[in-house]
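Here is a short briefing for a reader who is new to this structure. Please look at the sequence and the model first, then read the notes by topic.

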Amino acid sequence: MSIWWSLHLRREAASVPLARRLLLGTMETAGVDPDISYDLSVALSEACANAVEHGGDTVSGGASAAYRVTAYLDGEKCRIEVADSGPGFPARRARRTAVPSRTGCLPEHGRGLGLIEQLADHVHFRNRPGRGAVVSFDKILKWREGALLKVS
């Protein structure tokens, strides 16, 4: 058995916990280990927050009102994609993970992509020319005893 869902969400802060709760509920119902569920929910929250903040359409001068979240739980893996219609990722990013400043503190902005990379097994950042950016990530799942989707 597998589970697949896709959401079309407004670029509003309130959409982030909605996506996170749906993912957590799906994974709890399926029987995914709570630690794995938590890691993926934090990664999803970061990806959604980036779409809300940066995912507007800058080409036409107006802000796009929506972004899309898609999740697949199939066999031993969960794959999540967050797609927006913003300007995309810069052509060259010097560092993809956040680095502490001289004071030892992490910068206020720029931590999300690094967190996603730390929490997921595989991460892909790509631009869709003229159509925005996509963050996709996956993680191998662990299951609770008696889980509904557990692969034998």
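Helices and strands here are DSSP runs, with at least four residues for a helix and at least two for a strand, numbered from the N terminus. Arginine 11 falls outside such runs, in the loop between E1 and helix H1 (15-30). The model is predicted. Its protein chain has three helices and five strands, in the order β-α-α-β-β-α-β-β from the N terminus.

**Overall picture**

- The protein chain has 152 residues, and 42% of them count as buried.
- About 8900 Å² of the protein chain is exposed, with 52% of that area supplied by carbon and sulfur atoms.
- Of the contacts between residues at least 6 apart in sequence, 67% join residues at least 24 apart.

**Arginine 11**

- Arginine 11 is buried but has no salt bridge.
- The nearest side chain of opposite charge belongs to aspartate 84, 6.9 Å away; a salt bridge needs a side-chain nitrogen of Lys or Arg within 4 Å of a carboxyl oxygen of Asp or Glu, so this pair does not count.
- A polar atom of the arginine 11 side chain lies 2.8 Å from the backbone oxygen of valine 52.

**Salt bridges**

- Side chains of opposite charge can pair when their charged atoms come close.
- The structure holds four salt bridges.
- One of them joins lysine 139 and aspartate 39, whose closest N and O atoms are 3.8 Å apart.
- Because lysine 139 is in strand E5 (residues 132-140) and aspartate 39 is in helix H2, this salt bridge ties together parts 100 residues apart in sequence.
- Lysine 139 is buried at 10% relative accessible area, while aspartate 39 is partly exposed at 22%.
- Another salt bridge is formed by the side chains of glutamate 81 and arginine 79, at 3.9 Å from N to O.
- Glutamate 81 has a relative accessible area of 18% and is buried; arginine 79, at 22%, is partly exposed.
- Arginine 79 also forms a salt bridge with aspartate 138, with the closest N and O atoms 3.0 Å apart.
- That pair links distant parts of the chain, since aspartate 138 is in strand E5 and arginine 79 in strand E3, 59 residues apart.
- Aspartate 138 is buried, with a relative accessible area of 5%.
- Through shared partners, Arg79, Glu81 and Asp138 are joined into one network of salt bridges.

**Aromatic pairs**

- Two aromatic pairs are found in the whole structure.
- The rings of tryptophan 4 and tyrosine 72 have centres 6.2 Å apart and planes at 45°, so this pair is tilted.
- Tryptophan 4 is in strand E1 (residues 2-10) and tyrosine 72 in strand E2 (residues 66-74), so the pair ties together parts 68 residues apart in sequence.
- Tryptophan 4 is exposed at 54% relative accessible area, whereas tyrosine 72 is partly exposed at 31%.
- For phenylalanine 89 and phenylalanine 125, the ring centres are 5.4 Å apart and the planes are at 70°, so this pair is edge-to-face.
- Phenylalanine 89 is in the loop between strand E3 (77-83) and helix H3 (112-119), and phenylalanine 125 is in strand E4 (residues 122-128), 36 residues apart.
- Both rings belong to buried residues: phenylalanine 89 is at 17% relative accessibility, and phenylalanine 125 is at 16%.

**Serine 37**

- Serine 37 is in helix H2 (residues 34-54) and is buried, at 6% relative accessibility.
- Beyond its neighbours within four places in sequence, serine 37 is in contact with Leu24, Met27 and Val32.

Notes. Residues numbered from 1 in each chain as written. Predicted model: local features only at pLDDT ≥ 70, side-chain atom pairs only at ≥ 80, totals over all residues. Heavy atoms only, no water. Phe/Tyr/Trp six-rings, centres within 6.5 Å; stacked < 30°, edge-to-face > 60°. Buried < 20%, exposed > 50% of the residue type's maximum accessible area, 1.4 Å probe, protein only. Contact = heavy atoms within 4.5 Å. Areas by Shrake-Rupley, 256 points an atom, 1.4 Å probe, with all protein chains shown as cover. Lys, Arg positive; Asp, Glu negative; His and termini not counted. Polar contact = N/O pair within 3.5 Å; in protein donor to acceptor, adjacent residues only side chain to side chain.
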